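These notes are meant for a colleague who is looking at this structure for the first time. Please keep the sequence and the model open beside the text while reading.

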Amino acid sequence: LAQKYDPQKEAELRTWIESVTGQQIGPDFQKGLKDGVILCELMNKLQPNSVRKINRSAQNWHQLENLSNFIKAMASYGMNPVDLFEANDLFESGNLTQVQVSLLALAGMAKTKGLQSGVDIGVKYSEKQQRNFDEAKMKAGQCVIGLQMGTNKCASQSGMTAYGTRRHLYDPKNQILPPMDHSTISLQMGTNKCASQVGMTAPGTRRHIYDAKTGTEKCDNSSMSLQMGSNQGANQSGQVFGLGRQIYDPKYCPQGSQGEVANATCDQSGDPPGYHYYREEEES
């Protein structure tokens, strides 16, 4: 708050108060207005008899009473409550920025009410413009629709064709005659003039796969590339379904050379090779 205090505005306020009241504030702006005497004299100049009693005593409570009377006089003068300051803001230097804002607002209010002074200070308040309308005028205004809701004043159907009218496509590249009306659509909107189903096969037609490596004949233009995959070389060679798979384990199979193991598999007993060793153990 202290940084917002403007010394230039203080000098302008000093000149304005001294010119209106005819009294000197002194070198210290805060101490010169602390007792409230000059401020009460200022309000009596702006609005006569606004402060009826001015205490010129040096006692603190008398000075605070002067400041309170000055603040009440500003409120009755038409000042906004947000522009007022409190007595301690000036008496104890609690908020001199607010004091400066209040005095500037007071100068603006005085200028609005027509006070003529040698110092141009303060911002003039906007004047209220009150209008009185009779009851008939007020009822007529209720039927008016504001332009914030839109308007159809300038809207028309000029240049629009009737519903169902054919619209011609115009393309200067194809040497088509220019249109004679405004219903022509430019090709920037697209066209289906040259569209056809030439080269398209009927639904359900077989598509042959063409592979140059396998010598497959190229039947037609609808052949699919092998980039999409092929099942041409797939078969079931080497696959066994439902047959037993024999497992070899050296712990239980006969020991010896490979020839002996091969002879053991060809035994005439008809037992599978995997069970030959167990049978020899039972016989022994």
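Which residue has its charged end over the ring of tyrosine 77?

1. The residue is lysine 113, whose charged end sits 3.9 Å from the centre of the tyrosine 77 ring. Please bear in mind throughout that this is a predicted model, and that what follows describes that model. A second case of this kind involves lysine 34, which lies over the face of phenylalanine 91 at 4.8 Å from the ring centre.

2. For general orientation, the chain has nine helices and two strands, and when it is read along the sequence these follow the pattern α-α-α-α-α-α-α-β-β-α-α. Of the 284 residues in the chain, 23% are buried. Among the contacts with a separation of 6 or more, 40% are accounted for by residues that stand 24 or more positions apart.

3. The largest nonpolar core holds 37 residues, and those that touch the most other members are Trp16, Leu33, Met43, Phe70, Met74, Leu103 and Leu106. Two or more residues are given to this core by each of helix 1, helix 2, helix 3, helix 4, helix 5 and helix 6. Leucine 103 may serve as an example to follow on screen: leaving aside its neighbours within four places in sequence, leucine 103 is in contact with Leu13, Trp16, Ile17, Phe29, Leu33, Leu39 and Phe70.

4. Helix 6, which covers residues 96-112, deserves a careful look. Its 17 residues should span 24 Å at 1.5 Å a residue, and the C-alpha atoms at its ends are indeed 24 Å apart, so the expected and the computed values agree. The buried residues of helix 6 include Thr97, Val99, Gln100, Ser102, Leu103 and Leu106, as well as Ala105, Ala107, Gly108, Met109 and Ala110. These buried residues pack against helix 1, helix 2, helix 3, helix 4 and helix 5. After helix 6 comes glycine 114, which has a positive phi, near 95°.

5. How many aromatic pairs does the count give? The count comes to one aromatic pair. The ring centres of phenylalanine 70 and phenylalanine 85 are 6.3 Å apart and their planes stand at 45°, so the pair is classed as tilted. The two residues belong to distant parts of the chain, 15 residues apart, with phenylalanine 70 in helix 4 (residues 60-77) and phenylalanine 85 in the loop between helix 4 and helix 5 (87-91). Both phenylalanine 70 and phenylalanine 85 are buried.

6. The salt bridges come to four in number, and three of them are described here and in the next point. In one of them, lysine 9 is joined to glutamate 12, with the closest N and O atoms 3.9 Å apart. Both residues lie in helix 1 (residues 7-21), three residues apart, which is about one turn of the helix. Lysine 9, with a relative accessible area of 32%, is partly exposed, and glutamate 12, at 24%, is also partly exposed. Another salt bridge brings together the side chains of lysine 139 and glutamate 135, at 3.6 Å from N to O. These two lie in helix 7 (residues 135-141), four residues apart, again about one turn of the helix, and glutamate 135 is exposed, with a relative accessible area of 57%.

7. The salt bridge between the side chains of arginine 56 and glutamate 41 has an N to O distance of 2.9 Å. Arginine 56 lies in the loop between helix 3 (37-46) and helix 4, whereas glutamate 41 lies in helix 3, so the pair ties together parts that are 15 residues apart in sequence. Is glutamate 41 buried or exposed? Glutamate 41 counts as buried, at 18% relative accessibility, whereas arginine 56 counts as exposed, at 59%.

8. A last residue to examine is glutamine 63, which is found in helix 4 and counts as buried, because its relative accessibility is 11% and the limit for that class is under 20%. Not counting residues up to four places away in sequence, glutamine 63 touches Lys34, Asp35, Ser57, Ala58 and Phe91. The list thus includes Lys34 and Phe91, the two residues in which lysine 34 lies over the face of the phenylalanine 91 ring. Glutamine 63 and leucine 33 are 30 residues apart in sequence, while their C-alpha atoms are 9.8 Å apart in space.

Conventions
Residues are numbered from 1 along each chain as its sequence is written. This is a predicted model: local features need pLDDT of at least 70, side-chain atom pairs count only at pLDDT 80 or more; totals for chains, interfaces and linings use all residues. Side-chain values use heavy atoms; hydrogens and water are left out. Rings of Phe, Tyr and Trp (its six-membered ring) pair if their centres lie within 6.5 Å; planes under 30 degrees apart count as stacked, over 60 as edge-to-face and the rest as tilted. Buried means under 20% relative accessible area, exposed over 50%, partly exposed in between (1.4 Å probe, protein chains only). A charge sits over a ring if NZ of Lys or CZ of Arg is within 6 Å of the ring centre and within 35 degrees of the ring normal. The expected span of a helix is 1.5 Å times one less than its number of residues. Contact means heavy atoms within 4.5 Å. A nonpolar core is a set of buried Ala, Val, Leu, Ile, Met, Phe, Trp, Tyr and Cys residues joined through side-chain atoms within 4.5 Å.
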